[in-house]
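User: Could you take a close look at the main nonpolar core of this protein for me, and then walk me outward to the annotated positions and any unusual backbone spots?

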Amino acid sequence: NTMIIEIDLENIAEEEMRKAAEILKKNGTVAFPTETVYGLGANALSQEAVEKIFQAKGRPSDNPLIVHIAKVEDIKSLVKQVPMEAEAVMRAFWPGPLTIVLEKTEILPESITAGLSTVAIRMPAHPIAAKLIEMAEVPVAAPSANISGRPSPTTGKHVLEDLKGRVDAIIIGGSCEVGVESTVLDMTGGVPTILRPGGITREMLLKVLDRVEVDTALKGEEGAVPKSPGMKYTHYAPKAQVYIVKGEEEGVSKKIKQLANEYKQQGKEVGIICFDETRRYYDKEVLKSMGSRNELKTVAANLFKVLRAFDETKVEVILAEAVEEVELGQAIMNRLTKAAGYRVIYV
Ligand code: TXA
Ligand code: MG
């Protein structure tokens, strides 16, 4: 029995928010919007509460959760120390779509960090998320509010699809502006390293830090083991099989049309993910644009919506165009590549 709480962003109803905060205080589970994707929250200081998250999502227990805080000072009790570089990025990017990994203290239950000595922390910018965490008066553990393996939810409807009946409450509060999850940055020592590309890009981090590396496992180097446990799982997958086609525009559209014909001859329903600029190449197919290729913010905001929208069609094979892997393009292609199970065709 899930309580559905609708919140108007323009006029956040205090009493409604209080109901959700009370559930968190009593170690229940509440899904809520953040600027990246919807999260499924629970009291991060309670083992019992945290376990309900893993249950509801069907999440593997070796994949640690992000702890969300309402004020910068709230980090103090959760981590052993805050290095100067971490302070600098917190000042520059909090509240916002950046998660930092530091050595944890003992107050956090084992299951949050899946036995690691480190914890991932983020201070979200979304007014509903910020208010909820503040009112709950505890740090809030929150993975994305999807069933494990599915595309992350960026609208209230997505959350209802996945979690209605499995959690204590769902706050519905509009579409998520960023649309891909936060950047996870390891700051436990040595060169700060991006474990998951996201809303805060490497280029942005380099304005504040002298050096930023990218986890070798993300670059697809052979034998590399991801430091962020979550990156090893199949993820973001719609029901259809996704293939990414990469290369220069004309070659890509030609290849996609050729593949579409081949699959159709096999009796398969085909969908295409393209951009506003390339729509004109295709006809008849189930076609979804992620927006203009030159506006990466729009593409990021549309990505999971488009993947989920295909689940409402009969499409069995999706052929997807790619963006360049710079700036937000890194996060976009990271998610799309995982949705495709690493099936990439170069032309
Ligand atoms: O934008 C976001 O980060 C969203 C919203 C709800 O805040 N949350 C989110 O959580 O994406 P989740 O659980 O879906 O992804 C957390 C990622 C996983 O890849 C996990 O492995 C990694 O963060 N992570 C968590 N704790 C870690 C740690 N101590 N060391 C390395 N990676 C960690
Ligand atoms: Mg997730």
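Analyst: Happy to; here is a tour that starts in the core and works its way out. Please keep in mind that this is a predicted model.

Let's begin inside. The largest nonpolar core has 44 residues, and the members that touch the most others are I100 and L185. Several elements give two or more residues to this core, including β3 (39–43), β5, β6 (118–122) and β8 (169–172) among the strands, and α3 and α6 (156–163) among the helices. The largest share comes from α2, with five residues. As a general point, nonpolar side chains in soluble globular proteins tend to be buried together.

L185 is a good place to zoom in. Setting aside neighbours within four places in sequence, L185 is in contact with V89, with L98, T99, I100 and V101, with P192, T193 and I194, and with L205, L209 and V212. So the two residues that touch the most other core members, I100 and L185, are also in contact with each other. Apart from this core lies another one of 30 residues, and F304, I332, M333 and L336 are among them.

Now to the annotated positions. An unreviewed UniProt entry lists R59, N63, T118, A142, S144, S152, R196 and Y236 under "binding site". These positions spread over 178 residues of sequence, and in space their C-alpha atoms are up to 25.1 Å apart.

Two of them are worth a closer look. R59 is found in the loop between α2 and β4 (66–68). Its relative accessible area is 15%, which is under the 20% cut-off, so R59 counts as buried. Beyond residues up to four places away in sequence, R59 touches F54, P64, L65, P143 and S148. S144 lies in the loop between β7 and α6, and it is buried too, at 16% relative accessibility. With the four places on either side left out, S144 touches V37, Y38, G39, L40, K57, S152 and P153; S152 is itself one of the listed positions.

Finally, the backbone. A cis peptide bond joins W94 and P95, with omega of about -10°, and P95 sits in the loop between α3 (84–93) and β5 (98–103). E137 is not a glycine, yet it has a positive phi of about 60°; this residue is in the loop between α5 (127–136) and β7 (140–141) and is exposed, with a relative accessible area of 62%. E327 also has a positive phi, near 45°. Its place is in the loop between β15 (317–321) and α10 (328–339), where E327 is partly exposed at 44%.

Methods: Residues are numbered from 1 along each chain as its sequence is written. Chains are lettered from A and ligands numbered from 1 in the order in which they are written. This is a predicted model: local features need pLDDT of at least 70, side-chain atom pairs count only at pLDDT 80 or more; totals for chains, interfaces and linings use all residues. Side-chain values use heavy atoms; hydrogens and water are left out. Helices (H or I, at least four residues) and strands (E, at least two) are DSSP runs, numbered from the N terminus. Buried means under 20% relative accessible area, exposed over 50%, partly exposed in between (1.4 Å probe, protein chains only). A nonpolar core is a set of buried Ala, Val, Leu, Ile, Met, Phe, Trp, Tyr and Cys residues joined through side-chain atoms within 4.5 Å. Contact means heavy atoms within 4.5 Å. UniProt positions are given in the numbering used here, feature names are shortened, and annotations may be inferred rather than shown by experiment.
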